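Subject: Structure handover, pockets and ligand

Hello,

The structure is below, with notes on the pockets and the ligand after it.

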Amino acid sequence: IFHVILTSIQRRGQIDGFVAVVRDVTEQEQLDQARRDFVSNVSHELRTPLTTVKSYIEVLRDLDDDEHATRQEFLGVIAEETDRMVRLTRDLLQLSGLDRGGPRAFALKLLHVQPLLAGVAQRFALQASRQQLTYRVHATEPSLAVYGDADMVNRVLDNLISNALKYTAPGGEIEVRVKVAGEFVTFAVSDNGIGIPAEDLPHVFERFYRVEKGRSRRRGGTGLGLALAREMVERMGGEIRIVSEPNRGTTVYVSLRRAEEAIV
Ligand code: ADP
């Protein structure tokens, strides 16, 4: 898309010539469109739970005092929808924080891998066993370290493991492994769950992209988990990749730069 500004040059009231300024505004136009889409997505994502909450409150108002079970059920729905809005606003705040901070807004630190893995092992063990999933986090050698930001690495891994939990049926397996390849340390989070169709795979890192809207929503998804993960990984100078096959499972690889332990 080009914008052309045409100006005439006048001398003593007579047109003497023209100047044309041609500007390529394709990129600006695309940015504006992305921003409009984003705002409309956010509005929609908030509107849906709000509408649900409002209608349940209206029914609750008219409920007789003895309808205890119904009241509890409706309050449960309201609590769930409120949780969804809390998650969504949390993810949005994280994204806007990433958008604001320049590439050097934070310093990368040397992080030992083993304690990070111990953390994710612990945080998800209970939920995995409740969902009858086998959850394995493989240990690494204690000296292995990466350059990163501990909060971000934890949030990335949490998002990936949450997805594995969301999209794997009971009886399935979730594994977290770490491999060293040259200058990089790669975390792999894999599941043998429902997988992702090939045509959707290139889009799953886009904000609000969901393979199946209904299913993601039912499982509490915001559609922002992978977008956030990618932005955080890239912010740390790393790379994220996804490999998936429907009905076989999904593996997400996160590579961060390997750190040599400082010699004191
Ligand atoms: P959501 O909050 O919907 O899970 P994400 O950004 O985390 O959003 O993921 C985008 C979409 O990618 C999801 O809606 C889901 O369809 C698909 N997806 C992500 N991780 C997995 C996985 N481990 N197994 C199957 N599908 C997945």
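A residue counts as near a molecule if one of its heavy atoms lies within 4 Å of it. There are 20 such residues around the ligand, and Lys166, Tyr167, Ser216, Thr222 and Gly223 come nearest.

The model is predicted: local features need pLDDT of at least 70, side-chain atom pairs count only at pLDDT 80 or more, and totals for chains, interfaces and linings use all residues. Residues are numbered from 1 along each chain as its sequence is written, and side-chain values use heavy atoms, with hydrogens and water left out.

Ligand

The shell around the ligand divides into nine nonpolar residues (Ala, Val, Leu, Ile, Met, Phe, Trp, Tyr, Cys, Pro), three charged (Asp, Glu, Lys, Arg) and eight polar (the others, Gly among them). Three polar contacts (N or O pairs within 3.5 Å) can be listed:

- Asn163 has a polar side-chain atom 2.9 Å from an oxygen atom of the ligand.
- Gly225 places a backbone N or O atom 3.2 Å from a ligand oxygen atom.
- Leu226 does so with a backbone N or O atom at 2.9 Å.

On its own the ligand has 530 Å² of accessible area (Shrake-Rupley, 1.4 Å probe), and the protein covers 97% of that. H4 and H6 are the elements that give two or more residues to the shell (helices are DSSP runs of H or I, at least four residues; strands are runs of E, at least two; both are numbered from the N terminus). H4 gives the most, with three residues.

Pockets

A pocket is an open set of points on a 1 Å grid over the protein atoms alone where a 1.4 Å probe fits, with protein on both sides within 12 Å along at least five of seven lines; lining residues have an atom within 4 Å of a point. The ligand sits in the largest pocket (more than half of its atoms lie within 2 Å of the grid points).

The largest pocket has a volume of about 830 Å³ (the space filled by probe spheres set on the points, which are joined across faces, edges and corners). Its lining has 42 residues, with Asn159, Ser162, Asn163, Lys166 and Tyr167 nearest the centre. H4 provides the largest share of this lining, seven residues. By class, the lining of the largest pocket has 17 nonpolar, 15 polar and 10 charged residues.

The second largest pocket has a volume of about 220 Å³. Helix H1 (26-61) and H6 each give two or more residues to its lining, and H1 has the largest share, four residues. This lining holds five charged, four nonpolar and one polar residue.

Regards

Technical notes
Polar contact = N/O pair within 3.5 Å; in protein donor to acceptor, adjacent residues only side chain to side chain.
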